[in-house]
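Biologist: I would like to learn how to read a ligand site and ring pairs. Could you take me through them?

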Amino acid sequence: MLNLVLFGPPGAGKGTQSQKLIDKYQLVHLSTGDILRAEIAAGTELGLEAKKLMDQGVLVPDEVVIGMISNKLDANSNAKGFIFDGFPRTVAQAEALDQLLTSKNTAISGMIALEVENEELKKRLLLRGKDSGRADDQNPEVIQKRIDEYNNKTAPVANYYQGQDKFTGVYGIGVIDEIFSNICIVVDAY
Ligand code: AMP
């Protein structure tokens with residue numbers, strides 16, 4: 001199985017590059033942000049609780065997202081592989097993901113981290129906020145909070161995969177197709 005973690009701060013281009021990876025490698029896309037937004041749209045209790053945190057730009061509890069991922073892995077037992085987008089975002093989530101995959105006799109193939117400077121991220125998120133309708137992309141304070149959460153809680157996840165020799169950084173500014181080619185060189189070497 002090909003199981004990729006696509007990593008990077010909010011606005012790094014994870015969603016865009018995920019879509020291209022899914023098309024090329026026929027992977028199942030698991031984006032915890034998308035799953036949470038679907039829960040909000042469906043008006044579930046989980047969605048209502050998550051929305052309060054997402055609107056502030058803070059992470060939702062580990063148990064919530066780990067449970068969602070576990071359900072999705074079970075629901076896609078015939079998949080050729082998965083692309084994890086926006087997950088894991090804490091070391092506890094990374095450890096839980098390793099356990100879930102081990103129990104299914106598979107593992108993470110590698111983490112690809114999209115590297116983009118802070119100022120570019122803020123510009124991209126505000127631009128996306130204009131047409132995505134995402135409340136958390138429209139407020140500079142919420143954007144800053146998301147970047148802070150990333151630096152404090154999520155950045156250590158890169159060290160976790162570095163420790164397993166599964167980490168590769170790819171520069172995330174430039175032409176989308178060129179960034180994609182650089183990602184594919186990494187993936188094809190797994
Ligand atoms: P995203 O679409 O990945 O930018 O996620 C939007 C928001 O959903 C984040 O700011 C968090 O509040 C929440 N979220 C998404 N994925 C996770 C995760 N793996 N762990 C905790 N919170 C998450």
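Modeller: Happily! This is a predicted model, where local features need pLDDT of at least 70, side-chain atom pairs count only at pLDDT 80 or more, and totals for chains, interfaces and linings use all residues. Residues are numbered from 1 along each chain as its sequence is written, and side-chain values use heavy atoms, with hydrogens and water left out.

Biologist: Which of the 16 residues around the ligand come nearest?

Modeller: A residue is near a molecule if one of its heavy atoms lies within 4 Å of it. Here Thr32, Arg37, Val58, Gly86 and Arg89 come nearest. Helix α2 (residues 32-41; a DSSP run of H or I, at least four residues, numbered from the N terminus) gives the most to this shell, with 4 residues.

Biologist: What is 2.8 Å from the side chain of Thr32?

Modeller: Think of polar contacts, pairs of N or O atoms within 3.5 Å. A ligand nitrogen is 2.8 Å from an N or O atom in the Thr32 side chain. For Arg37, a side-chain N or O atom is 2.9 Å from a ligand oxygen, and a polar side-chain atom of Gln93 lies 3.0 Å from a ligand nitrogen.

Biologist: How many aromatic pairs does the structure hold?

Modeller: Rings of Phe, Tyr and Trp (its six-membered ring) pair if their centres lie within 6.5 Å; planes under 30 degrees apart count as stacked, over 60 as edge-to-face and the rest as tilted. The structure holds 4 such pairs. For Phe7 and Tyr150, the centres are 5.7 Å apart and the planes at 45°, so this pair is tilted.

Conventions: A polar contact is a pair of N or O atoms within 3.5 Å; within protein, one must be able to donate a hydrogen and the other to accept it, and residues adjacent in sequence count only if both atoms are side-chain atoms. Helices (H or I, at least four residues) and strands (E, at least two) are DSSP runs, numbered from the N terminus.
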